[in-house]
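New to this one? Here's a quick briefing to read alongside the model, sorted by topic.

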Amino acid sequence: MDFFLSLLVKGLTLGCIYALVALGFVLIYKATSVINFAVGEMMMLAGFLITAFVGLYGLPLAAAIGLSLLLMVLFGFVLERGVLRPMIGRPVIGMIMATLGLGIFLRGFAPVMWGVDKKNLDLMLPAQPLRLESIVVPPVDLAGVGITLFLLACFAYFFQRTRSGIAVRAVADDQQAAMAMGIRVSTVFALSWALAGITAVAGGVVWGNKIGVDQYLSLLGLRVFPVVILGGLDSIAGTIIGGLVVGASENIFGGYFDKYVGGGLKDFVPYVLMLLVLMVRPYGLFGREVIERV
Amino acid sequence: MINRECGIFRTTYQADMSLYGVPLARITVAAFALFFALVFPFVVDHKHLVWANFAGISIVAAIGLNLLTGYTGQISIGHAAFMATGGYTAAIMTTRADVPFWVGLIAGGVFASAYGLIVGLPSVRVKGFYLAIATLAAQFITEWIINHVEWIGGGFQASIIVPPASLGPVRFDTELEKYYLVLALVVLAVVAGLNIARSRLGRAFVAIRDRDVAAEIIGVDIFRYKLLSFMISSFFAGVAGALYVYYVGTATIEAFQISRSIEILAMIIIGGLGSILGSIFGAVFVVVLPLALEDILEFFRGVLPVTDIDTFVSQLKLMVFGGLIMLFLMVEPEGLNRLWRNVKDYFRVWPFSY
């Protein structure tokens, strides 16, 4: 039982941090219906920026994170304006390929700028893990859960209470109606890419600390898809649930069955889970149900 | 004269569907075939022959994916999984059952197409992005299975050594012999692709791509044709995978990872969706570009202000590759095929271009 509990807790914290990455995907999809295959790479870019500011230019950590936030928001604007706006109205494969291409570009670009070797992103967290009897939670995981919850609270406030947040929801609901009500759709698109930039920084901080910053950080982006498919592509609450389910299930299956199959179930279970969900309930647990049959 | 389509009107459906649109096309095709069979392999050196062989294998895979994505409109981000199926089938059958090369090749295609049928099943229910994700899942699951089922992959990160292909008394050992083998299969794939595209099957595919509901209404059995498209496409991929394994001499999972799937997708995007000629352009472009880039940078070794030139080259290749995909999508979404047509159109009316 102890073993199970520790696996579960570990999986749930992991899932929370997965959800942090997936949030960037869902925000974009919700408002602009762009499928962003470059979430992992954006996160990697943010991680590289922070480590570069700290390591190469000797800035304090807080300043580095602040500066990276600014740059990633800017990056979001430029990306939306330069690459994705021309894609509007094209077949879905164009969009997928454009973001895939962007991801490949960034994977080459960041190491060329700042070196291929793995860099540590030191958050100056206490080294002592949190112990609850037999369950051990490393501080970075706790920080990750904290950041996820904090960001969620911020987004909830933003979407429910602020004018621009409500504008984003209106655009997500019906672009033409939103336009007719005087909302500038292009501003809303830019805004959601800026939000994605912010989540990329948050993800970059947590994952960069957890596994180090190099180009392999971007591979985490592929973990996003089981999470968002499970939760529903356009549901922020679903992202969290999806993240928790994926994190917990991969950890529990990995913990119990890895010894029978020679390891690596962590990379296998989420995708099988995702396929099952796709077969039964393609729009996910909380996604908007668009019935389209042929 | 180059302005050759002047005065040729297609008055029957047969004429519209014919393989050669204009009489001159026969001559150009024959000229190209002769060039690649008799001239090309003897004027280039060994290195460029290797490039040509890799490009040829990629052409087979790209034509397959183009039939699925370009013609039928079903996205697959897991095509390397089908290549892996074909490659491993061929490798296992050759090493353990000692079957002849051609049996391995065809079996690779058949197994891959059976696997494609299974992976394509979600296309009955979902489309667009969801289908892309389902094929992505297939990619990861396949990679995992090959890595973890010892009977197939030979253990974690292992590889299977495959003897070179042979057909009767002929053994395809040298680069030149392999070139002819690849060339023959490329010709077969191109002819098959063109014939599928211009026949009833291809028209059904295009109907599904353009509007699935309308296709259903005019009597196209959507499920059947979607699954058929998956099967045919994975057959091409499986043959390409088997050919790759025979060509390189080893079957390893490294050759069939997600980056390979994206590469094949990039080929058909850069070459032109829904065009066999475009698949050829795209495959050659995507294969040759990084190799050529490597050579160019090698030339500047010592001049460039970087310490570790090999990693620099590999990163730069990624940048150029990704940048090109984005550039093509923004500037010329119809790909190299469109550029080629523009050039042809220019010369057709030259010098009276107004």
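Let's start at the end of a helix: A:Gly263, sitting just after α10(A), takes a positive phi of about 85°. Keep in mind that this is a predicted model. The rest goes topic by topic.

**Helix α10 of chain A**
- This helix covers residues 236–261 of chain A, and its 26 residues should span 38 Å at 1.5 Å a residue; the end C-alpha atoms are 35 Å apart, so the two figures agree.
- The helix isn't free of bends, though: α10(A) has a kink of about 45°, centred on A:Gly255.

**A:Ile166**
- You'll find A:Ile166 in helix α6 of chain A, which runs over residues 163–173.
- A:Ile166 counts as partly exposed because it has 14 C-beta neighbours inside 10 Å, while 20 or more would make it buried and 12 or fewer exposed.
- From A:Ile166 to A:Ala153 it's 13 residues in sequence and 15 Å in space, C-alpha to C-alpha.

**Where chains A and B touch**
- Chain B puts 41 residues into the contact, and chain A puts in 38.
- On chain B's side, α6 (129–148), α10 (212–217), α12 (258–271) and α14 (309–331) each supply at least two residues.
- The largest share of that side, 14 residues, comes from α14(B).
- By type, the chain B side splits into 29 nonpolar, eight polar and four charged residues.

**Confidence in chain A**
- Chain A has a mean pLDDT of 86, with 98% of its residues at 70 or more.
- Among the chain's elements, helix α2 (residues 39–55) has the highest mean pLDDT, 92, and strand β1 (residues 130–132) the lowest, 73.
- Where pLDDT is low, the predicted coordinates shouldn't be read in detail.

Terms used. Residues numbered from 1 in each chain as written. Chains lettered and ligands numbered in written order. Predicted model: local features only at pLDDT ≥ 70, side-chain atom pairs only at ≥ 80, totals over all residues. pLDDT = per-residue confidence, 0-100. Helix = DSSP H or I, 4+ residues; strand = E, 2+ residues; numbered from the N terminus. Contact = placed C-beta atoms within 7 Å. Nonpolar A, V, L, I, M, F, W, Y, C, P; charged D, E, K, R; others polar. Expected span 1.5 Å × (residues − 1). Bend = angle between axes of the 7 residues up to and from the residue.
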